Amino acid sequence: MKAILEPEKPRQAGSKDVFTVARRVAVGLIIAYVGVILFIMLPAIQTYTIYAHHIDVWGFKKFEHPEHYGLAPGKTVNMKLTSSDNTAIGAWFIFSDPFYRTLPHPHLHTHVPGATTSHDSIQATSSKHIPEAVGTTPTILFLHGNTGTRAHQLRTILYSSLTARLGANILAIDYRGFGDSSGHPTVQGVGRDARAGFDYLVQQGAKPQDILIIGHSLGTAVAGLLASELGRENVHFRGVVLMSPFSSIRTLLDQYYLLGCLPLFKPLAKVPLMPRVLSWSLKHGFDTLSLVPDIKSDVLIAHAEDDWDIPHTHSSALFNAFLDPSEPFAAPNTSVSTTHISGYGSFSQARVANRNVALLKTERGGHDLGKVEGVQDTIGRLFGLYSAQR
């Protein structure tokens with residue numbers, strides 16, 4: 001009798017196969033992660049990532065026509081400055097509203113028989129009033145963040161608000177490599193560009209004590225470079241405002257989350273020697289925290305708690321460092337007065353070495369904190385811009 005052969009049952013994948021697949025996926029993810037890190041740390045990629053100076057999808061590049069971006073005719077003068085290494089820097093000078101209202105309106109030129117009002121004639125006429133403007137009205141040297149140019153819509157809205165609400169002139173520059181400025185951005189280079197803006201205002205007749213330096217995001221690191229340089233030279237300017245700052249690029253990388261949820265560099269902290277390798281490989285090592293001892297002016301640090309780009313803890317670290325500039329990395333022991341406003345935020349202030357050091361934290365405002373009226377009011381009151389309008 002022949003044996004009856006039962007059909008062979010299909011072989012099912014066991015736990016060993018599942019483990020093999022999981023291991024391959026894990027290895028693939030690790031390789032991909034290492035590849036992303038190595039790619040980001042390439043010098044050229046670092047430059048494009050940190051400055052993002054070639055990202056201008058909005059097309060805000062008609063710098064010779066500030067009116068295209070909502071600014072009044074003749075209120076803004078387009079110009080080129082020259083840094084100490086002969087790099088050409090694009091800039092706008094925007095008159096304060098109170099001063100602008102004293103100028104003949106460009107539209108009125110047309111009532112003269114045979115007169116023409118060209119854009120070039122308006123620019124030429126307005127530029128002649130810059131020395132008078134900086135000699136009679138405080139001026140803000142505005143240092144913007146990465147991405148885009150001085151003509152970006154978020155920035156032009158801020159110019160309009162600050163010139164009206166604070167009654168101050170504004171000089172807004174594009175660092176090298178941004179907009180119509182020549183060259184390529186470096187830490188030393190953008191510091192020179194900021195100094196070129198400050199020196200231009202002084203050359204036009206502005207007193208250093210009438211110049212307020214305001215930096216936003218990446219611009220806070222540039223503002224720190226300029227403020228510390230002026231401090232070492234004992235130049236007494238009006239003060240410095242750091243809006244949405246980071247204490248250092250190295251610390252920011254440790255806390256950076258890809259897509260807001262995936263820690264990019266944090267896992268490397270547990271790998272032996274990797275933190276040192278990362279620090280060594282940084283090409284653009286902005287470090288405002290280390291510059292604190294040299295910044296001797298009044299300081300306002302402003303940050304929103306809902307800032308998803310830069311954690312507000314960076315501002316806390318900087319504020320604590322300013323409270324004891326001789327020991328910027330130690331715990332502060334200076335007496336601080338703090339006021340809490342329900343629904344808005346908190347304002348902390350201290351008197352350190354005969355100057356004001358303040359920290360404003362708002363509950364809302366996001367990364368572009370300058371648009372918040374309460375922030376603008378704090379700037380106006382702390383730096384005496386309101387009293388200058390009287």
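# A tour from helix α1 to the β11-β12 loop

Start by selecting leucine 29, which lies in helix α1 (residues 15-40). Helices here are DSSP runs of H or I with at least four residues, strands are runs of E with at least two, and both are numbered from the N terminus. The model is predicted: local features need pLDDT of at least 70, side-chain atom pairs count only at pLDDT 80 or more, and totals for chains, interfaces and linings use all residues. Residues are numbered from 1 along each chain as its sequence is written, and side-chain values use heavy atoms, with hydrogens and water left out.

Leucine 29 counts as exposed because its relative accessibility is 57%. Exposed means over 50% relative accessible area, buried under 20%, and partly exposed in between (1.4 Å probe, protein chains only). Add Val21 and Val25 to the selection: with Leu29 they make a nonpolar surface patch of about 280 Å². Patch residues have over 30% relative accessible area and no salt bridge; nonpolar side chains (Val, Leu, Ile, Met, Phe, Trp, Tyr) are joined within 5 Å, like charges within 9 Å. A salt bridge is a side-chain nitrogen of Lys or Arg within 4 Å of a carboxyl oxygen of Asp or Glu. Areas come from the Shrake-Rupley method with a 1.4 Å probe, and for residues only the protein chains shown count as cover.

Next, select strand β3 (residues 139-143). It is largely enclosed by the rest of the structure, because 5 of its 5 residues are buried. On one side are Thr139, Leu141 and Leu143, and on the other Ile140 and Phe142.

Now show the neighbours of β3. Strand β4 (residues 169-173) pairs with β3 in the parallel sense over 5 bridges; strands pair if DSSP finds at least two bridges between them. Leucine 141 has leucine 171 of β4 as its bridge partner. Strand β5 (residues 211-216) also runs parallel to β3, joined to it by 5 bridges. There, glycine 215 is the bridge partner of leucine 143.

Add helix α6 (residues 153-165): β3, α6 and β4 form a right-handed β-α-β unit. Right-handed means that, with the strands pointing away from the viewer, the path from the first strand over the helix to the second runs clockwise.

Finish with two loop residues. Asparagine 234 sits between α8 (218-232) and β6 (239-243), and its phi is positive, near 60°. Alanine 353 sits between β11 (345-352) and β12 (355-362); its phi is positive too, about 50°, although it is not a glycine. Alanine 353 is exposed, with a relative accessible area of 67%.
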